[in-house]
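Hi,

Here is the structure I said I would pass on. Have a look at it first, and my notes follow underneath.

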Amino acid sequence: MKLAKISLLALLAALSLSAFAQEATIRKNLAERLPKLPAIDEITKTPMPGLYEVRINHSDIFYTDEKGDFLIQGSLIDTKAQQDLTEQRVEKLTAIAFKDLPLKDAFTIVRGNGKRKMAVFEDPNCGYCKRFERDLVKIDNVTVHVFLYPILSADSGEKSRNIWCAKDKGKAFLDWMVKDMTPPDAKCDAAAVARNFEFGKKARITGTPTIIFADGSRVPGAIGADRVEKLLAEAKP
């Protein structure tokens, strides 16, 4: 029994050394052959034999063979489970804990009892955001934390400032997004909008709308009311 335990430990140690050597080989070859490739954060085995995940820039995913002779960018699909493994991995890497959102830099729109919670990063000049907001008015019993995120144009920044500085931020926002009523000029300390921009860059929020649910799951792009309802029901902080 004791000998078997020693043998198992020896086997585990050998496998660990082998995995370390494999990772070192991939790192060395990719760095030498692709000097412009950013620093590698992590190398891990995938469920596909002989294929390794190469992660850079926190959430950019590539794939390579055991020697780093080839580099692939694209989706890894599990055909049996019919799942996009790359998409699942990126979603996990880019998830934002709801508690880590800087809610002081957002304003809230409450509908019904407001028990369910979500956050959304939106550019006032984003057509998809307007479509999303026009669907979102159908959702009841929710608190929506709105982060103004002007990334499309200089005018996006001006509209964001005017909305943030309005006496009733939520009304000014919805008047524009849902009714096309231009927010009147307003001035105040709008540093929160600039902080949203910096937070978004760090969190790799590259498009609007970007929706974050209470469980930290992130959905990029406009989605319909039915899917919002489903995700709100599934989200458990």
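**Strand β10 and its surroundings**

Strand β10 is covered on both faces: T210 and I212 on one side are buried, and so are I211 and F213 on the other. In a regular strand, side chains alternate between the two faces of the sheet. Before you go further, please keep in mind that this is a predicted model.

So where does β10 sit? The open sheet here has five strands in the order β7-β9-β8-β10-β11, and the pairing is mixed. At the edges are β7 and β11 (218-220), each of which pairs on one side only. Averaged over the sheet, neighbouring strands are turned by 20° against each other, direction ignored.

On one side, β10 (residues 210-213) runs antiparallel to β11, and three bridges join the two. T210 has P220 as its bridge partner in β11, while I212 stands opposite R218 in β11. The two strands make a hairpin with four residues between them, and G216 in the turn has a positive phi of about 90°. On the other side, β8 and β10 are paired in the antiparallel sense over four bridges. There, A119 stands opposite I212 in β10. As a reminder, strands of a sheet pair through backbone hydrogen bonds, either parallel or antiparallel.

Helix α3 (residues 127-136) lies across β7, β8 (116-122), β9 (142-148) and β10, and it runs at about 160° to β8.

**Aromatic rings**

I then went through the rings. The count comes to five aromatic pairs. One of them is F107 with F173, an edge-to-face pair at 5.6 Å centre to centre, with 70° between the planes. It links distant parts of the chain, since F107 is in strand β7 and F173 is in helix α5 (residues 169-179), 66 residues apart. Are these two rings buried or exposed? F107 has a relative accessible area of 6%, under the 20% cut-off, so it is buried. F173 is at 0% relative accessibility and therefore counts as buried.

Another pair is F121 with F199, and this one is stacked: 6.1 Å centre to centre and 10° between the planes. Here too the pair links distant parts of the chain, with F121 in strand β8 and F199 in helix α6 (residues 191-202), 78 residues apart. F121 counts as buried because its relative accessibility is 0%. Ring pairs also link F121 and F199 with F147, Y149 and F197 into a cluster.

**Charges over rings**

Two lysines caught my eye. K130 lies over the face of W176, 3.5 Å from the ring centre. K169 has its charged end over the ring of W164, at 4.8 Å from the centre of that ring.

**D105**

Last, a look at D105, which is placed in the loop between α2 (85-94) and β7 (107-111). Which residues does D105 touch, leaving out those up to four places away in sequence? The contacts are F147, W164, A192, R195 and N196. Two of these names came up above: F147 belongs to the ring cluster, and W164 is the ring under the charged end of K169. D105 has 3% relative accessibility, so this loop residue counts as buried.

Let me know what you make of it.

Cheers

How values were computed:
Residues are numbered from 1 along each chain as its sequence is written. This is a predicted model: local features need pLDDT of at least 70, side-chain atom pairs count only at pLDDT 80 or more; totals for chains, interfaces and linings use all residues. Side-chain values use heavy atoms; hydrogens and water are left out. Buried means under 20% relative accessible area, exposed over 50%, partly exposed in between (1.4 Å probe, protein chains only). Contact means heavy atoms within 4.5 Å. Two strands pair if DSSP finds at least two bridges between them. Axes are lines fitted to C-alpha atoms, for helices over the stretch in contact, and angles run from 0 to 180 degrees between N-to-C directions. Rings of Phe, Tyr and Trp (its six-membered ring) pair if their centres lie within 6.5 Å; planes under 30 degrees apart count as stacked, over 60 as edge-to-face and the rest as tilted. A charge sits over a ring if NZ of Lys or CZ of Arg is within 6 Å of the ring centre and within 35 degrees of the ring normal.
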